[in-house]
Amino acid sequence: MSSSIDILIDSAADKDLKAIARKVKNNERITDDECLLLFEKGSLAFVGALANYIREKKHGDTTYFNRNFHIEPTNVCVFSCNFCSYSRLYAHKEEGWELSIDQMLDIVKSYDGKPITEVHIVGGVHPKMNMAYFIELMQKIKAHRPGLHVKAFTAVELDYMFRKAKLSIEEGMKQLHDAGLDSLPGGGAEIFAPEIREEICADKVDATGWLAIHEAAHNLGMHSNATMLYGHIEKFEHRIDHMRRLRELQDKTGGFNTFIPLKFRNQDNAMSHVPESSVTEDMRLYAIARIYLDNFPHLKAYWPMLGRQNAQLTLSFGVNDIDGTIDDSTKIYSMAGSEEQNPAMTTEELVMLIKQAKRRPVERDTLYNVVKDYSSSMPLSNDMQAALN
Ligand code: V47
Ligand code: SF4
């Protein structure tokens, strides 16, 4: 009997697409040219089936989520990315917020006794929130709750912090790691190609700097994620260039956990005239990323940005992780016009969302250790059960 991948190989009309399907079957890496071909010629059904084959080979039906909360120390930012709906320039900081260390610690304490495994801390780049400030924050969080995994600071925030403190990347990273920083989120990557970066975020850390910061973290044994802000003015070539640089660093260090494509949202920012990508294009991108990034263990859909239903759909296009049960403390997306104005989902809702897609919900910690398998253990309320049937 033919397997699904054999049927796909046999049915591909284009000989180059057929060759790509064969490579996927044989666990071979696709080239940049082949990736471009997928973007240009691969139908949603074709790339989706290939991505799903890879996803099921790597993870079966398992779909991860985690229980985390976000802290955004400030939305005051010295940079002025054109896609950002969130930051307030330092010159207009009366419109922004700045949390003190005690206020952030109070947020951490508000989760005492709750089964949360991670705090995700990112925000604008405030000129007065420096290394000493964040070292104290890390130390206090760890003193209060040593088992809480601290995933914090984009490479943009770190680059600014280290330069201000006149520290090398290696030294700065070591100081924060020693203070309690466990891993890095994937933000700030946007699109690496300089001609696009110049147009959308000219004044912040460039590709070389972003990659060097993640490499330094990996060399200390820390893990990190990588994002790509897509669906604006970039071309397919720029997406491939971005993913190629990530694939190369991953070959070197193996330190990336997850790739997270972030769909550009166009509300209330300096790029509001740029139309947003269609759902078909979103799904094609997820699928192609799954095929190209063969050395990334996980592919995540960030549901507050995509919306719940589209995030659910990505589970058939290579995605095996839908982030966390975040509460409504994150504003960067709701301010950019994302689907979710108050992004909060209970564990029960997340489990249902995954089960509706006929996948197996598994709660993980930041490093993908299994916390709990919900495939059969969670009794759903009658309403939820009815929605599943
Ligand atoms: O780098 C800002 C993006 C990122 C917009 O590592 C926008 O687990 C779309 O990286 N439209 C920060 N995106 C957030 C981030 C992240 C999120 C969730 C999980 C993880 C992780 C990381 O938000 C920025 C930028 O690419 N962003 N504005 C916008 N208008
Ligand atoms: Fe600042 Fe980040 Fe917004 Fe850029 S995306 S302006 S670095 S908060």
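# Exercises on rings, cysteines and voids

Phe 192, Trp 210, Phe 256, Phe 259 and Phe 296 are joined into a cluster by ring pairs. The model is predicted, and local features need pLDDT of at least 70, side-chain atom pairs count only at pLDDT 80 or more, while totals for chains, interfaces and linings use all residues. Residues are numbered from 1 along each chain as its sequence is written, and side-chain values use heavy atoms, with hydrogens and water left out.

**Exercise 1. Classify the ring pair of Tyr 64 and Tyr 368, and place both residues in the chain.**

Step 1. Rings of Phe, Tyr and Trp (its six-membered ring) pair if their centres lie within 6.5 Å, and planes under 30 degrees apart count as stacked, over 60 as edge-to-face and the rest as tilted. A search of the whole structure finds eleven such aromatic pairs.

Step 2. The ring centres of Tyr 64 and Tyr 368 are 5.4 Å apart and the planes stand at 90°, so the pair is edge-to-face.

Step 3. Helices (H or I, at least four residues) and strands (E, at least two) are DSSP runs, numbered from the N terminus. Tyr 64 belongs to strand β1 (residues 62-66), whereas Tyr 368 lies in the loop between β12 (360-364) and β13 (370-373), and the pair thus links distant parts of the chain, 304 residues apart.

**Exercise 2. Describe the surroundings and backbone of Tyr 368, and contrast its accessibility with that of Lys 166.**

Step 1. A charge sits over a ring if NZ of Lys or CZ of Arg is within 6 Å of the ring centre and within 35 degrees of the ring normal. The charged end of Arg 364 sits over the ring of Tyr 368, 4.3 Å from its centre.

Step 2. Phi of Tyr 368 is near 70°, a positive value in a residue other than glycine; Lys 166, in the loop between α7 and α8 (169-179), likewise has a positive phi, near 55°.

Step 3. Buried means under 20% relative accessible area, exposed over 50%, and partly exposed in between (1.4 Å probe, protein chains only). With a relative accessible area of 10%, Tyr 368 is therefore buried, whereas Lys 166, at 76%, counts as exposed.

**Exercise 3. How many disulfides does a search of the whole structure find, and are Cys 35 and Cys 81 buried or exposed?**

Step 1. A disulfide is a pair of cysteine sulfur atoms within 2.5 Å, and the search finds zero of them.

Step 2. Cys 35 is buried, with a relative accessible area of 0%, and Cys 81, at 15% relative accessibility, also counts as buried.

**Exercise 4. Characterise the largest pocket by volume, lining and residue class.**

Step 1. On a 1 Å grid over the protein atoms alone, a pocket is an open set of points with protein on both sides within 12 Å along at least five of seven lines, and lining residues have an atom within 4 Å of a point. Volume is the space filled by probe spheres set on the points, which are joined across faces, edges and corners, and the largest pocket holds about 220 Å³.

Step 2. Of the 13 lining residues, Val 24, Asn 27, Ile 54, Lys 58 and Asp 294 lie nearest the centre of the pocket, and α4 gives the most to the lining, with four residues.

Step 3. Ala, Val, Leu, Ile, Met, Phe, Trp, Tyr, Cys and Pro count as nonpolar, Asp, Glu, Lys and Arg as charged, and the others, Gly among them, as polar. The lining of the largest pocket accordingly divides into five nonpolar, one polar and seven charged residues.

Conventions: Chains lettered and ligands numbered in written order. 1 Å grid on protein atoms, 1.4 Å probe; cavity = no way out; pocket = protein on both sides within 12 Å on 5 of 7 lines; lining within 4 Å.
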